[in-house]
Amino acid sequence: ALALRRDGSRLWVDCVVSRVDWDGEPATQVTNVDITARKEAEAELALYRAELESRVEARTRDLVGKNRELMRLRDEVLEAHEKLEELNEQKNRFFSIIAHDLKNPFNVMLNYSKLFAEGANRYDPELVANRGVDLYRSAVQVFDLLENLLEWSQLQMGSVQYKPEAVAIEKVFRQNHALFLPQADEKQISLQLEKGCDCVVSADKHMLATVVRNLLSNAIKFTPHSGTVTLGCKRAGEDAEIFVRDSGVGMTADQLAHLFRLDATYSSTGTDGETGTGLGLHICRELVEIQGGRLRAESKPGEGSVFVVTLP
């Protein structure tokens with residue numbers, strides 16, 4: 001029970017009630033035991049326990065927060081490690097391209113230019129003409145490769161600036177149609193523009209022209225003589241789908257699965273022996289994604305391929 005002392009201070013007492021015999025008469029005896037010190041100690045202990053529990057709870061929250069931060073840092077380290085491995089694979093692929101795909105055409109150019117320098121008039125004119133064609137193709141291959149390597153290196157360094165504007169697809173098509181018409185005529189390929197290509201997209205004019213140029217070059221490369229390559233576009237809701245379709249050799253499902261991976265790019269030979277690195281498609285995908293678009297491919301062996309660029 002809680003009681004008060006005469007001076008007004010609080011007093012805790014433990015009242016013990018018992019039955020006793022008082023001069024032969026039953027009586028009730030009440031014994032008061034002062035337990036103030038114990039109660040004060042218990043109150044102090046309760047406060048200490050509450051403070052300790054509060055500290056433990058705060059410490060637990062702190063540890064949980066630090067654990068989450070450590071998990072986040074671990075994920076960032078793993079992501080950085082994966083990115084580093086990807087960059088290392090790209091570096092290896094880059095040096096492989098330089099060492100192999102750049103070396104071979106230069107060898108052809110050096111050998112044939114040496115042949116001509118030593119006296120082309122000593123050789124059969126038809127042989128000289130054929131070697132001249134080979135020399136030209138090697139020069140074109142080196143130029144295309146250097147152009148792709150320059151574009152790719154600029155992308156990796158982040159020096160390519162995205163400047164969106166309203167771009168008329170038909171104008172881009174007609175420019176590239178004129179550019180590749182001689183190459184298509186050489187293989188007797190029908191280079192067609194579908195009617196109704198009046199789509200206007202929000203894109204970077206230079207980036208889009210680079211994408212169309214690479215896709216068109218690939219289509220002609222892998223289309224046999226007397227084949228067809230078609231440029232077209234259509235509306236798809238708020239977006240536009242730009243496509244390059246060919247009647248070429250097509251691709252297997254496995255080739256499609258690895259098509260846009262630089263570390264596992266298939267380098268196939270064209271129908272006229274044209275060579276390539278696959279770097280162009282990788283560049284196309286990056287350029288399309290920079291513009292907020294998507295690039296996909298559909299193909300079956302012997303049934304040609306179609307590459308579709310979706311842009312807003």
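Is Gln188 buried or exposed? At 54% relative accessibility, Gln188 counts as exposed, because the cut-off for that class is over 50%. The legends below describe a predicted model, beginning with the chain as a whole and returning to Gln188 in the last view.

**Figure 1. Overview of the protein chain in the predicted model.** The chain holds seven helices and 10 strands. Of its 312 residues, 32% count as buried. Among contacts with a separation of 6 or more, 67% are between residues 24 or more positions apart.

**Figure 2. Close-up of the crossing of helices H4 and H5.** Helix H4 spans residues 169-186 and helix H5 spans residues 205-221. Their axes come within 10 Å and cross at roughly 35°, and the crossing is right-handed. On the H4 side, the contact is made by Ile169, Val172, Phe173, Asn176, Leu179, Phe180, Gln183 and Ala184. The residues contributed by H5 are Leu208, Ala209, Val212, Arg213, Leu216, Ser217 and Ile220. Sorted by class, this contact comprises 11 nonpolar residues, three polar residues and one charged residue.

**Figure 3. Close-up of the largest cavity, with its lining residues.** One cavity of 30 Å³ or more is found in a search of the whole structure. The largest cavity encloses about 30 Å³ of space. Its lining consists of Leu208, Val211, Val212, Leu215, Ile242, Phe243, Val244, Phe307 and Val309. At least two lining residues come from each of H5, strand E8 (239-246) and strand E10 (305-311). Helix H5 provides the largest share, with four residues. By class, the lining has nine nonpolar residues, with no polar and no charged ones. Val212 and Leu208 of H5 belong to the lining of this cavity and also take part in the contact with H4.

**Figure 4. Close-up of Thr230 in strand E7.** Strand E7 covers residues 228-236. Thr230 has a relative accessibility of 9% and therefore counts as buried, the cut-off being under 20%. Leaving aside residues up to four places away in sequence, Thr230 touches Gln192, Glu194, Phe243, Val244 and Arg245. Of these partners, Phe243 and Val244 are also among the residues that line the largest cavity.

**Figure 5. Close-up of Asn218 in helix H5 and its separation from Val244.** Asn218 is found in H5. The relative accessible area of Asn218 is 18%, so this residue is classed as buried. Along the chain, Asn218 and Val244 are 26 residues apart, and their C-alpha atoms are separated by 9.6 Å. Val244 is one of the residues lining the largest cavity and one of those touched by Thr230.

**Figure 6. Close-up of two loop residues with positive phi, Gln188 and Ser226.** Gln188 is placed in the loop between H4 and strand E5 (190-193). Its phi is near 55°, a positive value in a residue other than glycine. As stated at the outset, Gln188 is exposed, with 54% relative accessibility. Ser226 lies in the loop between H5 and E7. For Ser226, phi is near 70°, again positive in a residue other than glycine. Ser226 has a relative accessible area of 58% and is therefore exposed.

Methods: Residues numbered from 1 in each chain as written. Predicted model: local features only at pLDDT ≥ 70, side-chain atom pairs only at ≥ 80, totals over all residues. Heavy atoms only, no water. Axes fitted to C-alpha atoms, helices over the stretch in contact; angles between N-to-C directions. Left-handed = near helix turned anticlockwise from the far one by under 90°. Contact = heavy atoms within 4.5 Å. Nonpolar A, V, L, I, M, F, W, Y, C, P; charged D, E, K, R; others polar. 1 Å grid on protein atoms, 1.4 Å probe; cavity = no way out; pocket = protein on both sides within 12 Å on 5 of 7 lines; lining within 4 Å. Points joined across faces, edges and corners; volume = space filled by probe spheres on them. Buried < 20%, exposed > 50% of the residue type's maximum accessible area, 1.4 Å probe, protein only.
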